[in-house]
Amino acid sequence: MASLRFRYSRTIMALKRSKPSKQAESAVKDLKTAISERAQINKLLGITARDTRSLMNKIEKGFAFDAFRYFQKSTGLQDPDLKEVIGIKPRTFDRRKTANRFTTAESDRLVSIARIFVKATTLFEGDKDAAGTWLTSPSRAFGNVTPLEMARTETGTREVEKLIGRLEHGVFT
């Protein structure tokens, strides 16, 4: 996050020296969004990652089991939905709970789902309940599959993010 803040500060200083272009204003908006998104992901998972590298280190180490419970409580999403999206079978989930640690892949999936939840919450203007309902309701855009089910893979996650982007810009699909 420190590197994003530095880039943000540099961009602001450049804007003050000259008349801001639409491209510069867009860059500032993108940086603010990235900083805010990371902070919200940290909050949803109950972790502290200052920047992308520290987040990657935490993912590679594997999140503590508490990150799952924290995410579940923060979002209101149910166990079966989350386990399926992360790709954990019930017995494996019990082993992770006993070991108090997720694998790198499972931790990465949890961050992806948190990112989608943050984007959906933004789409619904901060309403977490509406975001959760949307994520768990069948979508015609995905052939009556829920956005959460689509997010089981990285490709599906990108498709959900694209749909959220289209909806934010008023492109109904």
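User: Let's start with one side chain. Does F142 count as buried or exposed, and why?

Analyst: Happy to help! One thing to keep in mind is that this is a predicted model. The general idea is to look at relative accessible area, where buried means under 20%. F142 has a relative accessibility of 12%, so F142 counts as buried.

User: Where does F142 lie?

Analyst: Look between two helices here. F142 is in the loop that runs from helix 8 (128-135) to helix 9 (147-150).

User: And which residues is F142 in contact with, leaving aside its neighbours within four places in sequence?

Analyst: For that, scan for heavy atoms within 4.5 Å. With those neighbours set aside, F142 touches P147, M150, E159, V160 and L163. You can also compare sequence and space: G156 is 14 residues from F142 along the chain, while their C-alpha atoms are 9.6 Å apart.

User: Now salt bridges. How many does the structure hold?

Analyst: The pairs to look for are a side-chain nitrogen of Lys or Arg within 4 Å of a carboxyl oxygen of Asp or Glu. The structure holds 8 of these salt bridges. One of them joins the side chains of R69 and D79, at 3.0 Å from N to O. R69 belongs to helix 4 (residues 65-75) and D79 to helix 5 (residues 79-86), so this pair ties together parts that are 10 residues apart in sequence.

User: Are R69 and D79 buried or partly exposed?

Analyst: Take each partner in turn. R69 counts as partly exposed because its relative accessibility is 22%. D79, at 18%, counts as buried.

User: Which parts does the salt bridge between E154 and R109 tie together?

Analyst: First find the pair: the side chains of E154 and R109 meet at 3.7 Å, N to O. E154 lies in helix 10 (residues 154-168) and R109 in helix 7 (residues 104-123), so the bridge links parts 45 residues apart in sequence. As for accessibility, E154 is partly exposed, with a relative accessible area of 32%, whereas R109 is buried, at 11%.

User: What does E161 form with R115?

Analyst: Another salt bridge, with the closest N and O atoms 2.7 Å apart. E161 is in helix 10 and R115 in helix 7, so this pair ties together parts that are 46 residues apart in sequence.

User: Which residues do salt bridges that share partners join into one network?

Analyst: Here you follow shared partners from one bridge to the next. Doing so joins R69, D79 and K83 into one network.

How values were computed. Residues numbered from 1 in each chain as written. Predicted model: local features only at pLDDT ≥ 70, side-chain atom pairs only at ≥ 80, totals over all residues. Heavy atoms only, no water. Helix = DSSP H or I, 4+ residues; strand = E, 2+ residues; numbered from the N terminus. Buried < 20%, exposed > 50% of the residue type's maximum accessible area, 1.4 Å probe, protein only.
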